[in-house]
Each structure stands twice: as structure tokens, then as C-alpha cells.
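Please open the structure in your viewer and keep the selection tool at hand. The tour below proceeds stop by stop, stating at each one what to select and what is found there.

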Amino acid sequence: VAHQAGHFDGVGIALGHGCSPDWEFNAKALRRKGDRGQVPGFREECSSLEPGPFFASLRLCDRFFLMNAIRVQGEKDNPTLVWGEAAEPVCGPDEVLVDVRAAAVNRADLWQARGHYPPPFGASAILGLEMAGVVREVGAAVAAAPTTFGIGDRVCALLPGGGYAERVAVPAGMLLRLPDDWSFAQGAAVPEVWYTAYINLFDEG
């Protein structure tokens, strides 16, 4: 298993349905599972593997599904932003999974950190309303569309949440292609901050 920057980004192994119920693999060690339920951070889209008699069955996953993200800790009137592990988002059929290269800071993020601006229902609890990055994975419906995004494309997007992380799942309709001569930092400031300023100055003003 490849380990980089505090997270696993190579091959991960997890026990799935129909497998031995007594053991689990995580970032620390292979340990007895007991009654604590499924391993957090793993998806079920893993191919079956029969490595030998010691385990009844294992599942070989394409990667270990944990990432790093900025999490909110502490009291609401004095929150602390901490870099730590979080479950990687799942890319839905109409979504694109993006490796985040830059994220912007918005007043709404600061309010959310203090408990005054909850994310929309079903959205990530991780902060971050706009980001720029590189497409890592595309959903089935996105891949089948005539004009679509592909792996490796440079993009920016408005988000319902989740931008303060290594990866984020984005509805394809909220993505914008990042011009080749733009930095990721420039792109991350466009979907929320720049558009808000533009609309107020030129459309509403």
C-alpha cells in the first residue's frame, strides 16, 4: 500500500460482504473487527479476491478511501480549523471527482465554522464553497454525455460544501473549465467571490 502525505493513495484492502467478519484492514493495522460495523472510508465497488486459506475472502480496492481535509473543532465562538482525515466523497453518476489544488475563503465558510450557516441538506459538512483542481474521476452519466469533462481536465467549481479537502465530488453542471493561462488560485476565486462582485457591480448596480 502506498502511503503519501498522511493518507493512502495506492491499493487498499478491505473486508466486504461475504468475507471473514473477524478482521478489518485500516490505515493502522489489520485488527480484529468485533461488533463495530463496517470500516469507515471504504466503498463497496471492490473486486473479489481469493488470496489464500487464512481469510475466507478479501476485497481488493482501487485505493484506500480516506483523504485529508480541514475539519472544524472547538467551541462555536472560537472554532479551530484542523488538518485531519475524512472519508473520501463518492462520485455519483452525474458528478465529477476533483483533486483540489486551491480553495477560496468565503464569509459563509467562517459563519459555518461558527455554526451559523449550516450546509444544504445532503451536502458535505466540510467547509469550502469554491475550488479549482484537476478531474480525477467522472461518473457514468458524465462520461456518456456528448460534451463532457475528462480525467486530467483543469476545472473550477461552485460547491455546496467540501472544498477544504484533497478531493471533492461536484455535480458536472457546476464545473467550469480553467483557462490554460490561469493558476489554480485564480480559478478558485471565480465561482463565488468573483461572480458575486461582478453581478453586484454590473448587473444589479
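The tour begins with the whole chain and then moves to individual strands, side chains and a surface patch.

**The whole chain**

Please note at the outset that this is a predicted model. Display the complete protein chain as a cartoon: four helices and 14 strands make up its secondary structure. Of its 205 residues, 40% are buried. Switch to a surface view, and the accessible surface amounts to about 11600 Å², with 57% of that area belonging to carbon and sulfur atoms. Among the contacts with a separation of 6 or more, 63% are between residues 24 or more positions apart.

**A hairpin: β8 and β9**

Select residues 66-75, which are strand β8, together with residues 78-87, which are strand β9. The two strands pair in the antiparallel sense, and ten bridges lie between them. A hairpin of two residues provides the connection from β8 to β9. To see one bridge in particular, select Leu-66 and its partner in β9, Ala-87.

**The open sheet of five strands**

In what order do the five strands of the open sheet lie? Reading across, the order is β13-β10-β11-β12-β14, and the pairing is antiparallel. The edge strands are β13 and β14, each of which pairs on one side only. From one strand to the next, the twist averages 45°.

Now select β12, residues 154-158, and the edge strand β14; three bridges join this antiparallel pair. Strand β14 covers residues 175-177. Within this pair, Ala-157 has Leu-175 of β14 as its bridge partner.

**Pro-171, on the other edge strand**

Move to strand β13, residues 167-171, and select Pro-171. Is this residue buried, partly exposed or exposed? Its relative accessible area is 30%, so Pro-171 is partly exposed. Leaving aside residues up to four places away in sequence, Pro-171 touches Asp-94 and Glu-95. Add Gly-139 to the selection: the C-alpha atoms of Pro-171 and Gly-139 are 9.5 Å apart, while the two residues are separated by 32 positions in sequence.

**Salt bridges across the sheet**

Show the charged side chains next. The model contains four salt bridges. Begin with Arg-136 and Asp-99, whose closest N and O atoms are 3.2 Å apart. Why does this pair tie together separate parts of the chain? Arg-136 belongs to strand β11 (residues 130-138) and Asp-99 to strand β10 (residues 95-103), so the bridge joins parts that are 37 residues apart in sequence.

Keep Asp-99 selected and add Arg-167, with which Asp-99 forms a salt bridge at 3.9 Å, N to O. This pair links strand β10, where Asp-99 lies, to strand β13, where Arg-167 lies, across 68 residues. Both ends of this bridge can be checked for burial. Asp-99 has a relative accessibility of 14% and therefore counts as buried. Arg-167, at 4%, therefore counts as buried as well.

Extend the selection to Glu-88, Asp-99, Arg-136 and Arg-167, and a network of linked salt bridges appears.

**A salt bridge at β14**

Select Arg-177 and Asp-153, which form a salt bridge with their closest N and O atoms 3.0 Å apart. Arg-177 is in strand β14, whereas Asp-153 is in the loop between α2 (140-144) and β12, so this bridge ties together parts that are 24 residues apart in sequence. Arg-177 has a relative accessibility of 45% and counts as partly exposed. Asp-153, with a relative accessible area of 24%, is also partly exposed.

**A nonpolar patch on the surface**

Remain at strand β14 and select Leu-176, which has its place there. With a relative accessibility of 32%, Leu-176 counts as partly exposed. Return to the surface view and add Trp-194, Tyr-195, Tyr-198, Ile-199, Leu-201 and Phe-202: together with Leu-176, these residues form a nonpolar patch with about 710 Å² of accessible area. Which helix gives the most to the nonpolar patch? Helix α4, residues 190-203, does so, with six residues.

**A last view**

To finish, display the edge strands β13 and β14 once more. Pro-171 and Arg-167 mark the first of these edges, and Leu-176 and Arg-177 mark the second.

Conventions:
Residues numbered from 1 in each chain as written. Predicted model: local features only at pLDDT ≥ 70, side-chain atom pairs only at ≥ 80, totals over all residues. Heavy atoms only, no water. Buried < 20%, exposed > 50% of the residue type's maximum accessible area, 1.4 Å probe, protein only. Contact = heavy atoms within 4.5 Å. Pairing = 2+ DSSP bridges. Axes fitted to C-alpha atoms, helices over the stretch in contact; angles between N-to-C directions. Patch = residues over 30% accessible without salt bridge, like charges linked within 9 Å, V, L, I, M, F, W, Y side chains within 5 Å. Areas by Shrake-Rupley, 256 points an atom, 1.4 Å probe, with all protein chains shown as cover.
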